[in-house]
Amino acid sequence: MADAIPNQKTHPDGRVELRDVARIEKSPLYNADLAPVPIARRVWTTYNYAALWISMAHCIPTYMLASGLMAAGMNWWQALATILLGNSIVLVPILLNSHPGTRYGIPFPVFARASYGTIGSNLPALMRAIVACGWFGIQAWIGGEALNTLFAVLVPGWKTLLGAGLFQGHTATEWLSFLVFWGINVAIIYRGMDLLRKVENWAAPFVLVMTAALLVWAIGKANGFGPLLAQPGRFRTFSEFFPIFVPSLTAMIGFWATLSLNMPDFTRFGKSQREQMVGQVVALPTTMSVFAAMGIFITSATVLIFGRPIWDPIQLVGQFKAPVVVAISMFTAVVATLAVNIAANVVSPANDFANAFPRRISFKTGGLLTGVLGILMQPWKLLADPSGYIFAWLLGYSGGLGSIAGVLIADYWLVRRTRLRLEDLYLPTGVYRYSGGWNFRAVVATVAGCALAWGGLVVPSLKPLYSYAWFVGFFAAGILYWALAAITAPRPTETALFAREAGPTQ
């Protein structure tokens, strides 16, 4: 199909590719990992996206998600309703930011160049990357716990094999298990995105079936669902419930606020917009809710089986004595944790770090850097307290990521009406250079959104806004950016950008 923009071909289904990549290949903003994916290589189907979300949702933090909400005073159905609503809300920005990935075949940091500038894109990219490093560390620690439990069954005297001393509250064999699992992640990173797609395809149904088997065993062993389902919540009135519900809902949105930014990293491989949209809509809210429900039901049954609730599935499996059962269960936990860790917490920061120095940092090097930073962020402390994990970690960073999402969506959907100049995203002298590589409208809007979302931490009068951190950041930054784009005249270097993108394309 003819296209009004030189060197850019728009296909009948709306997807865009470059006719010739020779010019961008010479650019300092280009490397092979950030390059636009040609149409011929966009092969991900509805099943691939559904499997991606199912495998990412089938992880131990999701299994334990309701525990923090119930510890805060909710009953089981209030916790599940909060999880379902939060994931349904975050699905909206996920889908909105998925569109440019499928249409233009570009990853998240390259997409961010359109709104933040060719250099300014490093601001949202590195903010996203730091959060991903923290998540990588959390998942790597959980995976290490699974390996440690497995080794404790298979190797006599494992717990004291390297001495009984403690470092940071953990034994030497726990640290060894953590580093082994960390190394497995890094090894898979070096195999690339195609292996990731294959892992997600079979990990999704495997983990679901194994967790369902654990659920059937627990209900059968306890002769029922146990007492947690009959346990009333602590809140007697809506006015008591609401102050806990709001930050809890925001935290649930924060759980996938990271992916709401960087889904272009995956949707750039999509066969069509419909394929990626259907796969995500079908899989995300339902899987999160069902898997969290499994966690509640199994934990409730453990009260009757073991005399106390065991929320952590790693600890639960540790109660078993049969090595075969433990081995199969821990293998399942390792697969589940690997699937979510690499997809959700490595792909994005690897691309984000590569975006900062395209000619020096590849996807593999960025992935290794993610792993190192994940250790330095001390994930064992983040997981030490379930309520702190939800109300400090998830709620806190959601405000910053919400601010970025607001700018990206306002720029792409409201200002540009989905029209981008693909080649210029890779050129330092192109229309996305703005002023020295920065679009200060986006920077101002992002800082303002973050200030309002986080202001309650230091300004008592703004404290209520912190409970709504993601919402405050998203709407404040998005609306401000839209207003600034409308009322501030473009600088001379930007005139071509606004003029060219105002015209029609086919």
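In this predicted model, Arg421 and Asp424 join their side chains in a salt bridge, with N and O 3.8 Å apart. Both partners are covered: Arg421 is buried, with a relative accessible area of 11%, and Asp424 counts as buried at 8%. The whole structure holds five salt bridges, and three of them, including this one, are listed below with their N to O distances.

| Salt bridge | N to O distance |
|---|---|
| Arg421 and Asp424 | 3.8 Å |
| Arg23 and Glu423 | 3.3 Å |
| Arg236 and Glu240 | 3.5 Å |

The bridge between Arg23 and Glu423 links distant parts of the chain, the two residues being 400 residues apart. Arg23 belongs to helix H1 (residues 22-25), whereas Glu423 lies in the loop between helix H19 (386-415) and helix H20 (440-454). Glu423 counts as buried, since its relative accessibility of 11% is under 20%. The setting of the bridge between Arg236 and Glu240 is more open on the arginine side: Arg236 is exposed, with a relative accessible area of 75%, and Glu240 is partly exposed at 30%.

Leu425 is one of the residues that touch the most other members of the largest nonpolar core, a set of 131 residues. Others in that group include Trp53, Ile106 and Leu420. Beyond its neighbours within four places in sequence, Leu425 is in contact with Leu29, Ile106, Val110, Arg113, Ala114, Leu420 and Tyr432. Arg113 also has an aromatic partner, as its charged end sits over the ring of Tyr426, 5.6 Å from the ring centre.

Ala112 lies in helix H6 (residues 108-116) and is buried, with a relative accessible area of 0%. Not counting residues up to four places away in sequence, Ala112 touches Gly117, Ser121, Pro124 and Leu408. The C-alpha atoms of Ala112 and Asn122 are 8.3 Å apart, and the two residues are separated by 10 places in sequence.

Helix H7 (residues 122-154) has 33 residues and spans 46 Å from its first C-alpha to its last, close to the expected 48 Å. This helix is mostly covered, with 24 of its 33 residues buried.

Aromatic pairs number 30 in the whole structure. The ring centres of Trp438 and Phe440 are 6.2 Å apart and their planes meet at 15°, so this pair is stacked. Trp438 is partly exposed at 30% relative accessibility, and Phe440 is likewise partly exposed, at 46%. Elsewhere, Trp141, Phe167, Trp175, Phe178 and Trp380 form one aromatic cluster.

Methods
Residues numbered from 1 in each chain as written. Predicted model: local features only at pLDDT ≥ 70, side-chain atom pairs only at ≥ 80, totals over all residues. Heavy atoms only, no water. Phe/Tyr/Trp six-rings, centres within 6.5 Å; stacked < 30°, edge-to-face > 60°. Buried < 20%, exposed > 50% of the residue type's maximum accessible area, 1.4 Å probe, protein only. Lys NZ or Arg CZ within 6 Å of the ring centre and 35° of its normal. Helix = DSSP H or I, 4+ residues; strand = E, 2+ residues; numbered from the N terminus. Contact = heavy atoms within 4.5 Å. Core = buried A, V, L, I, M, F, W, Y, C linked by side-chain atoms within 4.5 Å. Expected span 1.5 Å × (residues − 1). Salt bridge = Lys/Arg side-chain N within 4 Å of Asp/Glu carboxyl O.
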